[in-house]
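Below are some notes on a metal site and its surroundings. Please read them with the model open.

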Amino acid sequence: MTTPISQRQRAEQAMRRQWFPVARSIDLDKPQSATLLGEKLVVYRTESGQAVVQAARCPHRGADLSLGEVHGENIACPYHGWQFAGDSGKCSHIPALEDQCKIPPGAAIRTHVCQERYGHVWTALEEPLFDLYDLEEWRELDLEWAAAEPLDSPTGVAVAIENFGDVAHFAYIHRGMMGKTNPQIEPLNVRREGLDVWMDRPLQSCEGEWANDGDCMMNYHIVAPGLVAITYDYERLGKRIVAGFPCPESYEHVKIFWGVANDREYKGENLQECLRLEELLYLEDLPVAATITPPEIDWDGTFVEHSTAADLYTLNYRRAFREFIERGQVQPVRLVDEPRTMP
Ligand code: FES
Ligand SMILES: [Fe+2]
């Protein structure tokens, strides 16, 4: 008899086939080290400008390629200088060999899918189930992105996203940046379609340093499993954005990549000031978020939790995440005809 797999295991399986950010585009002047769901990766930009994500372990003697150097379209290992091609991952040069025809034929590293968007480099461990996030409401804007310094948090992706989309904590955690705000939450205007969850909410005027550009609509948008954003729509000033995309280094520990973007027409604070204020806000969240138990949403229902109408947005995100888990159970397409055992 086979043991049924848990929802957590199913979530982990689906996440291996999902896009996550692993580096900021601005950091690719030298190779970067990244970890995605326990797998060590190297992220770099070749001389022709192509961003590459590959397995970090050198198949010669196991050194970490993120300590190496880019040579043209290849990454060179820091230990004995073996080079691997950015496109195929095949070993392309071994300095110790007089005859390059003697390169061991199987010497190669795994190359992952890679795209750059919203100021970050994105990848997936296995064939992605969905296209990389591309929010419709941003396509007509002329956005300038500033990728923030990533933040470390001992929580899972869904807990990190929920914290960003949670509105009932402002009166407590953000007393510093927002000042005194009303703890009572009005009926929330939430809509979900598949993996997308939206909520529109007027920004309450507050005494704190944050939100000193005046009243606006906050258009929240989460796409399960891992993107959350607020588009601030000011009648007088135009639009600006803050967005978070936590990367699961492990199932219960994220590196939160995030950033801000202003429409080039935006007449409020400049991009760096928006980044500074949003970062101060985020830093108020992290100490409490780090105490959340369990550190990732309990998809298997082991822990007791009670919810109210003030949690409507994050509850809908949980529904979207469950749908992501379900849709993630599709088996990857067989690219080669592997031999199968006859029954
Ligand atoms: S360990 Fe990488 S070249 Fe030897
Ligand atoms: Fe917060």
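1. Donors here are N, O and S atoms within 2.8 Å of the metal (3.2 Å for Na, K and Ca); water is not among the atoms, so sites may look incomplete. The donor residues of the iron ion (ligand 2) follow the sequence spacing H-x4-H-x110-D.

2. This is a predicted model, in which local features need pLDDT of at least 70, side-chain atom pairs count only at pLDDT 80 or more, and totals for chains, interfaces and linings use all residues. Residues are numbered from 1 along each chain as its sequence is written, chains are lettered from A and ligands numbered from 1 in the order in which they are written, and side-chain values use heavy atoms, with hydrogens and water left out.

3. The iron ion (ligand 2) has as protein donors His 169 (NE2), His 174 (NE2), Asp 285 (OD) and Asp 285 (OD), at 2.1 to 2.4 Å. Angles among the four donor atoms run from 57 to 148°, and the site is irregular. Four donors count as tetrahedral if all angles lie between 85 and 135 degrees; four count as square planar and six as octahedral if opposite donors are over 155 degrees apart and all others between 65 and 115; anything else is irregular.

4. His 169 is in the loop between helix H3 (157–165) and helix H4 (170–173). Helices (H or I, at least four residues) are DSSP runs, numbered from the N terminus. Is His 169 buried or exposed? His 169 has a relative accessible area of 10% and is buried (under 20%; exposed is over 50%, partly exposed in between; 1.4 Å probe, protein chains only). His 174 is buried too.

Terms used: Helices (H or I, at least four residues) and strands (E, at least two) are DSSP runs, numbered from the N terminus.
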